[in-house]
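Let's work through a few short exercises together. Keep the viewer open and try each task before you read its solution.

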Amino acid sequence: MTTYAPTKPWQPTKVDIGKNVLGLLIALVVSFVVVQLTPMKGKLAYAGVLFISATVIQVGMKWISRGRMAAIDGLASSIAFTGSVIVFLPVVSILYTTISKGVKGLHWTLFTDSMENSSYLDPIGMGGILHAIVGTMYMIIIASVISVPLSILTALYLTEIKGKAAGFIQFLVQAMSGVPSVVAGIFIYAALLLNTSFRGSGITGALPLAILMIPTVTRTAQEVLLLIPNDLREAGQALGATQWKTVITIVVPAARSGLVTAVILGVARIAGETAPLLFTIGGSDKVNWNPFNGPQSALPYYVWKGLISGTPEAVQRSWTAILVLLMIVLFFFSIARYFSRQRMK
Amino acid sequence: MSFSSLAILTLIGSFLMLRGFQTFQSEGLHFITGFEWTSTVNDGVETSTFGLGSMLIGTLLISGTALVIGVPLSVLTALYLNFYAPMQIRKFMVTILDLMAAFPSILYGLWGYFILMPMAEYWAKLLYKYLGWIPAFSVPQPAFTRSPFVAGLVLAIMIIPIITSVSREVFSQTPLDRIQAAYALGATKWKMIKTVVLPFGSGGVVGGAMLGLGRAMGETVAVYMVLNIAFSANLKVLYGVGGNVASMIVSRWGESTLLESKALLAAGFVLFMMTLAVNFLANFIVKRAIKSGK
């Protein structure tokens, strides 16, 4: 008895693949020749000519085999593909540069020492970023303590209670997500530091970050709460629970991992904020364990200071600090991903 | 608790207004239209003019450049991800775009200054060489470093994630029956996109672009790093002089007197109002675009 293997006529055959590879090879040769023969030079010229010749060859082949409509269709898809490749390239470049430049400045005392006894101009082996890490840690904790309750309650109001003002509040939350970080910074400065006896400290540094964190957490939490099936809420109320009881004992526990994701995304959003800190943090080179008194530092602030100094050593310190900062952001980002993926299951 | 957002927005507006009031009073309308920003102290007497005009022009020029570069790329990416990409590539690219949105802005600034700027300078020279006869691409002197063009490029990269994600959301709301109707009439994929998806999603793309514009107008650190901030009304994209309200606030802050820092707070108020207006409009457009699909 013979069995028939299912054919998949829509899949490219070996001949098609061969044609495509041949087309690409021809395009490579053409771009090489064109760049050699004309005054154009450099990577940009290679990439440009290669893209144009590859597209022309592809579209031409389609035109011959399947007609004009198919050729235009192929052109559109290759342009869309090129667009997303162009979007992708900066990310690769940013990650590659940060890692390759940052690792040069890593050394053992980096995480155990502050800049108290060394300046930005000293050789790389001296001083460290402990003060900045401590500061960033405080910023994250204080900003979360302030903004998480506000955001989660707002999200609960918007999705569970759906009061009369829900539409208006939604509008305001969206407006808040557009507040530029520098405005949040000078607002705290104008409200608390200008003409008062307060000086920049950990807490004043964290306040603008809390403002920036609220809309991110609220909107993510809202999306998460909307995913909770209505059956659960109805079941709770059928058992005689009040709305408040239903929310606390059923909805929030069911959405727990999603709410954690929301908070972590908020943290990732603010961990690298620089502009507001320039006005509100004070700026210290020592480890400061007291967030309520005395100037504080933070990783983005440290990076900023190194860049402003501008000497090779200072810039190297900035690259290393931004590598550490990027690792922290990536860490939070992957935890958020992990939790949200669990939620999907 | 949920009215905290109202309270915060009101507080921001009123405090900046209050602290900047002196400036608004002394400068009047000139604060928006004037092009000069000077503050000098002579024998304890402070003479000053505060005009935000050149910075406002610079803000619009840079964010406009960012939109011109960023919107087409975002729309292409959104189309590719929604209609062409295989599942794995789509998931991967969405992660990458989320990651781009999470990168600290100072990282963009650092990368923009050290890596992108040398390349962008070369591109700017090419543009000038071949398209210099267009007024926007002409330059008074051959100074291409730290130009609005470079700042616009960096901002474009920063706003691509937000425009892409809004566009993707709107495109995915396209009614399936219309898509299938187009295919049933024999349309190719591109024909389907052109006749069904793009007309349907254009409103959402406009809204997404405006959200990106709001973000671009308020960007501070990245612009500060790559832009040569100077108080002159420059409309030449490639010429290495420009401005942006947000980064001007940072650059003037360090050496400002009390009078000037009040003027800077007033500038912050103007920026706050501008971004608020743009965001209101953007959210309104996006909401309407998404609703029309339901």
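**Exercise 1: The contact between the chains**

Task: Find how many residues each chain gives to the contact, and which helix of chain A gives the largest share.

Solution: Start with the count, remembering that this is a predicted model. Chain A brings 60 residues to the contact and chain B brings 54 residues. Next, look for the main contributor on the side of chain A: helix H3 (residues 68–102) of chain A supplies the largest share, 20 residues. Finally, sort the residues on the side of chain A that touches chain B by class: 45 are nonpolar, 13 are polar and two are charged.

**Exercise 2: One pair of helices across the contact**

Task: Describe how helix H6 (residues 181–193) of chain A and helix H1 (residues 4–27) of chain B cross, and name the residues that make their contact.

Solution: Begin with the axes, which come within 9 Å and cross at roughly 65°. Then take the hand: H6(A) and H1(B) cross in a left-handed way. Now pick out the residues. From H6(A) come Val183(A), Ile186(A), Phe187(A), Ala190(A) and Ala191(A). H1(B) answers with Leu11(B), Ile12(B), Phe15(B), Leu16(B) and Arg19(B). Last, classify them: nine residues in this contact of H6(A) with H1(B) are nonpolar, none is polar and one is charged. Arg counts as charged, so Arg19(B) is the charged residue in the list.

**Exercise 3: The two domains of chain A**

Task: Work out where the domains of chain A lie in the sequence and how many residues link them by contact.

Solution: First, place the bounds: the domain assignment puts domain 1 of chain A at 14–104 and domain 2 at 130–344. Second, take the centres over C-alpha atoms, where 41 Å separate domain 1 of chain A from domain 2 of chain A. Third, count contacts: six residues of domain 1 of chain A meet six residues of domain 2 of chain A. On the domain 1 side, these are two nonpolar, two polar and two charged residues.

**Exercise 4: A portrait of chain B**

Task: Describe the elements, box and burial of chain B.

Solution: Count the elements to get 11 helices and two strands. Reading chain B from the N terminus, the order is α-α-β-β-α-α-α-α-α-α-α-α-α. Along the principal axes, the C-alpha atoms of chain B fill a box of roughly 80 × 55 × 30 Å. For burial, 50% of the 294 residues in chain B are buried. To finish, consider contacts in chain B between residues at least 6 apart in sequence: 77% of them join residues at least 24 apart.

Terms used: Residues numbered from 1 in each chain as written. Chains lettered and ligands numbered in written order. Predicted model: local features only at pLDDT ≥ 70, side-chain atom pairs only at ≥ 80, totals over all residues. Contact = placed C-beta atoms within 7 Å. Helix = DSSP H or I, 4+ residues; strand = E, 2+ residues; numbered from the N terminus. Buried ≥ 20, exposed ≤ 12 C-beta atoms within 10 Å, placed from the backbone. Domains from an automatic or database assignment. Axes fitted to C-alpha atoms, helices over the stretch in contact; angles between N-to-C directions. Left-handed = near helix turned anticlockwise from the far one by under 90°.
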